[in-house]
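Work through the two exercises below with the sequence and the model in view. Each task is followed by its solution.

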Number of protein chains: 2
Amino acid sequence: MLDQYKQQHPYLVALDSIIFGFDGESLKVLLVKRGVEEKTWSLMGGWLQPDESLEQAASRILFDLTGLTNVYLEQLHAFGNPDRDPIVRTVSVAYFSLVKIADYESKISGTFQAQWFSIYDLPPLLFDHGDMVDLAIKRLRYKAAQHPIGFELLNEKFTIPQLKKLYDAIYNTEFDKRNFSRKILSTNLLIKLAEKQKGFSKRGAFYYKVDTEKYHLVADSFLNFIPG
Amino acid sequence: MLDQYKQQHPYLVALDSIIFGFDGESLKVLLVKRGVEEKTWSLMGGWLQPDESLEQAASRILFDLTGLTNVYLEQLHAFGNPDRDPIVRTVSVAYFSLVKIADYESKISGTFQAQWFSIYDLPPLLFDHGDMVDLAIKRLRYKAAQHPIGFELLNEKFTIPQLKKLYDAIYNTEFDKRNFSRKILSTNLLIKLAEKQKGFSKRGAFYYKVDTEKYHLVADSFLNFIPG
DNA sequence: GCAAAAGTGTTTATCGTACACCCATGC
DNA sequence: GCATGGGTGTACGATAAACACTTTTGC
């Protein structure tokens, strides 16, 4: 190894995940109690291993907790204040992910003590994890306003009223249902199914699914997706 | 130190900066030739020191090259593929910054071999620095479309035609000057000065400056800043 | 038949876009 | 007086926003 490398200080590199879910009513974050600080809620996290990329590591850690693969995962920010972890200097790369809460519930292992918390009612969090969650919420709002990522939080089949409730929850507001459905449908990203939702309302709402092909085509472009 | 920390592998943590400048005609990136690979152009970078935050380190490294402080600096992305640096595993946190090219030119030290390159005519770059630049350009376009950050690339006093040329360069297009100036002025972020630019055109264009107070107020909100 | 949620249409204001002419000045 | 870039106004179409009634069906 060259001298200029040898003189440098190495640091531990961690990954922490802000895992968002939607239970039909409010936007939630999955928190755990783990290792060092068993009394404090924290984000799910872990260490970077020698053979992994950052994204692979975040993905592995997410799988360890939820059993889920193929979930929406995006790098949020790297946090590296010298004293953020009081025991040893650690740089943490935070990722946020959007999961279908129903899938999670059926697959969870009992290894971790984990619980969903409303984003408007969070407990005190370990280290700078509170900052991470705040930033993740901001980023989610920023991104969902222009990219159709909300679907990632719903089941494959969903109704327009469910989608509206999700966006109401994300933005902590109430969108007009007529304008909302017009705008969403005008993207042509949704395919109407023959089936209706049963049991929730008397009339029943039609299910829709995402047109995956079109979705991938526009995933990177600006859509001005949301009213308001 | 607790056992769970001791078992972990530490890594070197680097910072790399995509430094954007505007020379009045085209958008440029500042590249250097440095240390290990003296034949290859690379981004300006350095190592994280024990007492610094990531942002402080990026700021210090930027100062070492340009002599500039108080420049626009934003974290771009953390890059950590296992083989991105073939000599030793390194996680690099990339920052992008917007500098006033005239300030830079007056302050540059001779320590580094540095050169501005048009973003449309870049040489081959070290490691994954090409990816970093690509992502930074994407982010700059994304951000400048909704936040008034373009000013960071111009002198304190600038004309509307200069500002339009900058946005033309960022988006590699040609905006309509009438719509452009209407939209920019409608934000009320610019203060018209009495002074006119001399020597460039016969008539001379009025100088403007940013209303710093208003600028800080809206720095975080969506402005739909740009035509097209 | 009534309560509860689903679904749909119209009007108005605002904004985006396309487009062309006059102005001020240096030479 | 003419060439060069600076500065402005208007008309049209598209999109956003506000707003209310009808439909379906389980009970």
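**Exercise 1.** Compare the length of helix α5 (residues 160-171) of chain B with the expected span, then find which side of α5(B) is buried.

*Solution.*
Step 1. α5(B) has twelve residues and runs 17 Å from first C-alpha to last. That is close to the 16 Å expected at 1.5 Å a residue. The expected span is 1.5 Å times one less than the number of residues. Helices here are DSSP runs of H or I, at least four residues, and strands are runs of E, at least two, numbered from the N terminus.

Step 2. This is a predicted model: local features need pLDDT of at least 70, side-chain atom pairs count only at pLDDT 80 or more, and totals for chains, interfaces and linings use all residues. Residues are numbered from 1 along each chain as its sequence is written, and chains are lettered from A and ligands numbered from 1 in the order in which they are written.

Step 3. List the buried residues (20 or more other C-beta atoms within 10 Å of the residue's own, placed from the backbone). They are Leu163(B), Leu166(B), Tyr167(B), Ala169(B) and Ile170(B). They cover an arc of only 160° around the axis, so they sit on the same side of α5(B). The arc uses directions from the helix axis to the C-beta atoms.

Step 4. Look past the end: Asn172(B) follows α5(B), with a positive phi near 50°.

**Exercise 2.** Locate the domains of chain A and find how far apart their centres are.

*Solution.*
Step 1. The assignment, automatic or from a database, gives domain 1 (3-144) and domain 2 (150-218) of chain A.

Step 2. Taken over C-alpha atoms, the centres of these two domains of chain A are 28 Å apart.

Note on methods: Buried ≥ 20, exposed ≤ 12 C-beta atoms within 10 Å, placed from the backbone.
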